[in-house]
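Let's take a stroll through this model, one piece at a time. Keep the viewer open as you read.

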Amino acid sequence: MTKRSLRGRVAIVGIGETTYYRHSQSPDAEFKLALKAVLAASKDAGIDPREIDGFASYSNDRTDPSRLSAALGTRELRSTTMQWGGGGGGSCGAIANGAAAITSGLADCVVAYRALAQGEFGRFGKAPTAPTIAGDMAYQAPYGVLSPGQKFAMKARRFMHEHGVKQEALRAIAMASYHHAQRNPRAVMYGKPLTEARYDDSRWIVEPFHLFDCCMENDGAAAVIMVPAERAKDFPNRPVYVLGAATGSDHRVGANAHNQPNYASSSFSTVAPHMFGMAGMGPKDVGVVQSYENFTGGVLMALAEHGFFKPEEANEFLQLENLLAPGGKMPLNTSGGNLAECYMHGFELVLEAVRQVRGTSTAQAPRNDVALVIGGPMVTPVSNLLLGSEATL
Amino acid sequence: MSQGNDASTTSPAYLPAGLPIPVPEADGLSAPFWNGLRENRVMVQHCAACGTFQHGPEWLCHRCHAFDPPFDEVAPRARIYSWERAWHPVHACLDGHGPYVVVVVELLDAPGVRMLGNLLGDPMTEVPIGAEVEGVFEHHADAKPPFTLLQWRLIDAARRRSPTR
């Protein structure tokens, strides 16, 4: 039996996004944003969008694939996949599911996408206003644990306590995103640099997270077009191949009321080895990393769980100079990411990894044959994705 | 083991009124837990078949798959496992309130079980991970529907079961 794998089977040939807006500032409806992103990705790939026959998304995206295919006038609709779970945990899973549809013959041309217009539909960072609450949030909301930051701060705090991680490590993660955003005209925080003093002086949102440890909330849409690897060279851009992907979480991460056995975790303890195993690679092969910053503490734990450093080496590794392109040993979030480019629910990180492998990033890493994306740390399921150039196949 | 309903085991509300009121799911899964708190009792699922403790409640024991694990009362004694100090108000009722502390604690008598609550007292006090705490019942008898929260406070050195770790 051949090894079941996505390695080298699927190529990303088109990427596209809308203008990225501050939250609630989009002049367009959410569905229109999605259409614009799909058309932009099609144009980038040089394909007729009517060729798209598969759709993949995550986090209960409201943009329904049947409506999308009708609006676009696609010739037919085949694969439609939604990655379960909230947050950005499925940002790489959508690519994996789309790639799996192509590999298994369920579709020939899949677009993975995410669209958000929070002015139209409500914000993530505000608590729901229902008078009663049941289920997992019943154990949290009455104690003032209402928002994602409040749900995750205690995981980061425990990790920092166990391994002696200092606040400066979180600051370096935040500053890397802001630093790279200054070179990226798409970034919402373009022209708004972050200094150590500005970070240190910023208000606490929920300790250990300052304002700048927390992602933005934004409006926009982004899309990625995938085809079978055999067709990769029929398109104008340098093809970018899926080398590995994984989704899920460790034993009982979904236990309610903060009862997951492995608490001080980004949920990648099992997911990272699955992805590297599929790719036949390890962290040393990775030249550039896009790691979803819902909160910097999630990046800290996710990078450790992907093997870039041992937890007790975090303070040493997470120094700003190590994280910057082009000179750092592990350039991180080279578009500005969720903190400073756009909180496109992590999908902007997938596009940036594609740009890195193509060699077209505004903060290009010199080692760009293998690019890692980490999606939605601390939720369940999470997902990750390893992309590579033709040379890595 | 049930505590008396006196001032030493109950407390006034730590946070302003208006946050969501906890209720059992429509299928009643967690009703024994929430009903227990109203009677100053901490009720945790404790599998009759294999002895595993489990929280939040589920319809079967995750270890041996026996259905409907019974709820047993456990002592409201725990150790601080992690904490946060929340500053930014994300709910209208918290506007202008100022910081508050949330702790995740591990129960001393129910291995592997954690609960959340607020740490009573000055919200700017240093929060010692590993310190022993005791549960305090915060009754909201006049709320609609009425409910009780389980809060936590640090225990004097003389009353600790074991040294802070």
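## A helix tucked inside chain A

Start just past the helix α3(A): next comes A:Gly105, and its phi is positive, near 85 degrees. Keep in mind that you're looking at a predicted model.

Now step back into the helix itself, which covers residues 93-103 of chain A. How many of its residues are buried? The count is 10 of the 11, so the rest of the structure largely encloses this helix. If you want to click through them, the buried ones are A:Gly93, A:Ala94, A:Ile95, A:Ala96, A:Asn97, A:Gly98, A:Ala99, A:Ala100, A:Ala101 and A:Ile102.

## Zooming out to all of chain A

Chain A is built with 13 helices and 13 strands. Its C-alpha trace spans about 55 × 50 × 50 Å along the principal axes. For 393 residues, you'd expect a compact globule to have a radius of gyration near 21 Å, and the 19 Å of chain A agrees with that.

Burial goes beyond that one helix: 62% of the 393 residues of chain A count as buried. Contacts also reach across the sequence. Take those in chain A with a separation of 6 or more, and 79% of them link residues 24 or more positions apart.

## A closer look at A:Met281

You'll find A:Met281 in a loop of chain A, between α8 (271-279) and β11 (288-291). Is A:Met281 buried or partly exposed? With 19 other C-beta atoms within 10 Å, A:Met281 is partly exposed, because a residue needs 20 or more to count as buried.

Which residues does A:Met281 touch, once you ignore neighbours within four places in sequence? The contacts are A:Leu243, A:Phe276, A:Val370 and A:Leu386. Take A:Leu243 from that group: it sits 38 residues away from A:Met281 along the chain, while their C-alpha atoms are separated by 9.0 Å.

## Where the two chains meet

Next, bring chain B into view. The contact between the chains uses 36 residues from chain A and 33 residues from chain B. On the chain B side, at least two residues each come from β1 (21-22), β5 (77-86), β6 (100-107) and β7 (114-118). Which element of chain B gives the most to this side? That's β5(B), with six residues. Sorted by class, the side of chain B that touches chain A has 21 nonpolar, eight polar and four charged residues.

There's strand pairing across the chains, too. Strand β7 of chain A (residues 204-207) and β5(B) run antiparallel and are joined by two bridges. To see a facing pair here, look for A:Glu207, which stands opposite B:Arg85 in β5(B).

## Two domains in chain B

The domain assignment splits chain B into domain 1 (25-74) and domain 2 (75-165). Taken over C-alpha atoms, the centres of these two domains of chain B are 21 Å apart. Their contact draws nine residues from domain 1 of chain B and 14 residues from domain 2 of chain B.

Now look at the domain 1 side of that contact. The elements giving two or more residues to it are α1 (31-38) and β2 (42-46) of chain B. The top contributor is α1(B), with three residues. As for residue classes, this side of domain 1 of chain B has six nonpolar, two polar and one charged.

Key: Residues are numbered from 1 along each chain as its sequence is written. Chains are lettered from A and ligands numbered from 1 in the order in which they are written. This is a predicted model: local features need pLDDT of at least 70, side-chain atom pairs count only at pLDDT 80 or more; totals for chains, interfaces and linings use all residues. Two residues are in contact if their C-beta atoms, placed from the backbone, lie within 7 Å. Helices (H or I, at least four residues) and strands (E, at least two) are DSSP runs, numbered from the N terminus. Ala, Val, Leu, Ile, Met, Phe, Trp, Tyr, Cys and Pro count as nonpolar, Asp, Glu, Lys and Arg as charged, and the others, Gly among them, as polar. Two strands pair if DSSP finds at least two bridges between them. Domain bounds come from an automatic or database domain assignment. The radius of gyration is taken over C-alpha atoms; the globule rule is 2.2 Å times the number of residues to the power 0.38. A residue is buried if 20 or more other C-beta atoms lie within 10 Å of its own, exposed if 12 or fewer, and partly exposed in between; C-beta atoms are placed from the backbone.
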